[in-house]
Amino acid sequence: MKSRSVYRAQYDHQAAAAKARARRGVWVAAALYPARESAKGAALRVPSATGMPAYAPAGEFEAYAARHPEGWSLWVRSVAGEGPVPDLPETMTVRVTSRGDGPGYSGVGIVTVTVEARCPMCGGPRGWDTVKPNRFAEDGEWYTADTWENPCGHLDLYPAVLQESRLRPLPRPATRELPKPPPEIEAPDPSSPAGIILAAAQGWRGMHAAQAARLLDEVHGLTVEAERIRAELRVRKGHMSAKAAAYLLHCWGDS
Ligand SMILES: [Zn+2]
């Protein structure tokens, strides 16, 4: 006898779409696929309703595919109508307790981990927006770990979350570390490369380091300084303001 997936019997696209339409912005489980490619492919087609008429007309649904103990699950939500819906982050960073791996150790430690913002039991969104600190006392010491509630109802236990963070290293952190704002440079020489950039940046809100580099070599013929900025820009993957570039040049000038 052929085995029937419970999931397949339980979910169909028409029903999922109807359920999602009834609660705009809320993610709904739509289907389970044995292969990652099938689930990812479906997730790509849902927004345009390509070959998936349940989600027509195009532009009314969002979708994602997530790991599921029995394969890959497809989740959809309705975005039809006015107003933005909150973005669903890929990952979440939380503090969990760690009780040590050794048999002789019984103390508690707090570890900050980054895990997928998807429930490992069903692939639904984790309660990334419900995370709150929980202070507790143990052996006369105070500790703070995070708690959260998953909308699907599945419970995340700290040992499992810790294990997950170790087994599934994530390519991207949940929060990108923002570059620190450059310290103010005290009275730079206005004819120095840093001074030229700072003077330009004063009247140019949001001036980028790439624009500072162009200013230096195209207007002032300072090609060496411009190249220094561009080299740093490559290291920082394009994230640098003109003011930060001025600060770098200022520091280089001192060394
Ligand atoms: Zn779940």
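This briefing describes a zinc site, a cavity, several strands and helices, and a few backbone details of one structure. The model is predicted. A zinc ion is held by four donor atoms from Cys119, Cys122, Cys152 and His154, and Cys119 also belongs to the lining of the largest cavity. Strands S4 and S5 run antiparallel, as do strands S6 and S7.

**Zinc site**

- The zinc ion is coordinated by the SG atoms of Cys119, Cys122 and Cys152 together with ND1 of His154, at distances of 2.1 to 2.3 Å.
- The angles among the four donor atoms run from 103 to 112 degrees, and the site of the zinc ion is tetrahedral; for comparison, the ideal angle for four tetrahedral donors is 109.5 degrees.
- Along the chain, the donors of the zinc ion are spaced as C-x2-C-x29-C-x1-H.
- Cys152 counts as partly exposed because its relative accessibility is 31%, and His154, with a relative accessible area of 33%, is likewise partly exposed.

**Cavity**

- The structure holds one cavity of 30 Å³ or more, and about 50 Å³ of space lies in the largest cavity.
- The residues that line the largest cavity are Ala66, Arg67, Glu116, Arg118, Cys119, Pro120, Glu164 and Arg168.
- Sorted by class, this lining has three nonpolar and five charged residues, with no polar ones.

**Strand pairing**

- Strand S4, which covers residues 91-98, is mostly covered, since six of its eight residues are buried.
- S4 is joined by eight bridges to strand S5 (residues 109-116), and the two strands run antiparallel; one of the bridge partners is Gly109 in S5, which pairs with Ser98.
- Strands S6 (residues 132-138) and S7 (residues 141-147) are paired in the antiparallel sense over seven bridges, and within this pairing Phe136 stands opposite Tyr143 in S7.
- S6 and S7 form a hairpin with two residues between them; one residue of the turn, Asp139, has a positive phi of about 50 degrees, although Asp139 is a residue other than glycine.
- Asp139 counts as exposed because its relative accessibility is 72%, a value over the 50% limit.

**Helix H6**

- Helix H6 covers residues 209-219, and its buried residues include Ala209, Ala212, Ala213, Leu215, Leu216 and Asp217.
- An α-helix has 3.6 residues a turn, so residues three or four places apart point the same way.
- Gly221, just after H6, takes a positive phi of about 70 degrees.

**Loop between H3 and S2**

- Pro57 is placed in the loop between helix H3 (36-45) and S2, and a cis peptide bond with an omega of about -5 degrees joins Ala56 to Pro57.
- Ala49 lies in the loop between H3 and S2 as well, and this residue has a positive phi of about 55 degrees although it is not a glycine.
- Ala49 counts as buried because its relative accessibility of 15% is under the 20% limit.

**Contacts between residues apart in sequence**

- Ala65, found in strand S2 (residues 61-68), is buried with a relative accessible area of 14%; its C-alpha atom is separated by 9.3 Å from that of Glu37, and the two residues are 28 residues apart along the chain.
- Thr130, in the loop between S5 and S6, is partly exposed with a relative accessible area of 32%; Thr130 and Trp148 are 18 residues apart in sequence, while their C-alpha atoms are 5.2 Å apart in space.

Terms used:
Residues are numbered from 1 along each chain as its sequence is written. This is a predicted model: local features need pLDDT of at least 70, side-chain atom pairs count only at pLDDT 80 or more; totals for chains, interfaces and linings use all residues. Side-chain values use heavy atoms; hydrogens and water are left out. On a 1 Å grid over the protein atoms alone, a cavity is a set of points where a 1.4 Å probe fits but cannot get out, and a pocket is an open set with protein on both sides within 12 Å along at least five of seven lines; lining residues have an atom within 4 Å of a point. Grid points are joined across faces, edges and corners, and a volume is the space filled by probe spheres set on the points. Ala, Val, Leu, Ile, Met, Phe, Trp, Tyr, Cys and Pro count as nonpolar, Asp, Glu, Lys and Arg as charged, and the others, Gly among them, as polar. Donors are N, O and S atoms within 2.8 Å of the metal (3.2 Å for Na, K and Ca); water is not among the atoms, so sites may look incomplete. Four donors count as tetrahedral if all angles lie between 85 and 135 degrees; four count as square planar and six as octahedral if opposite donors are over 155 degrees apart and all others between 65 and 115; anything else is irregular. Buried means under 20% relative accessible area, exposed over 50%, partly exposed in between (1.4 Å probe, protein chains only). Helices (H or I, at least four residues) and strands (E, at least two) are DSSP runs, numbered from the N terminus. Two strands pair if DSSP finds at least two bridges between them.
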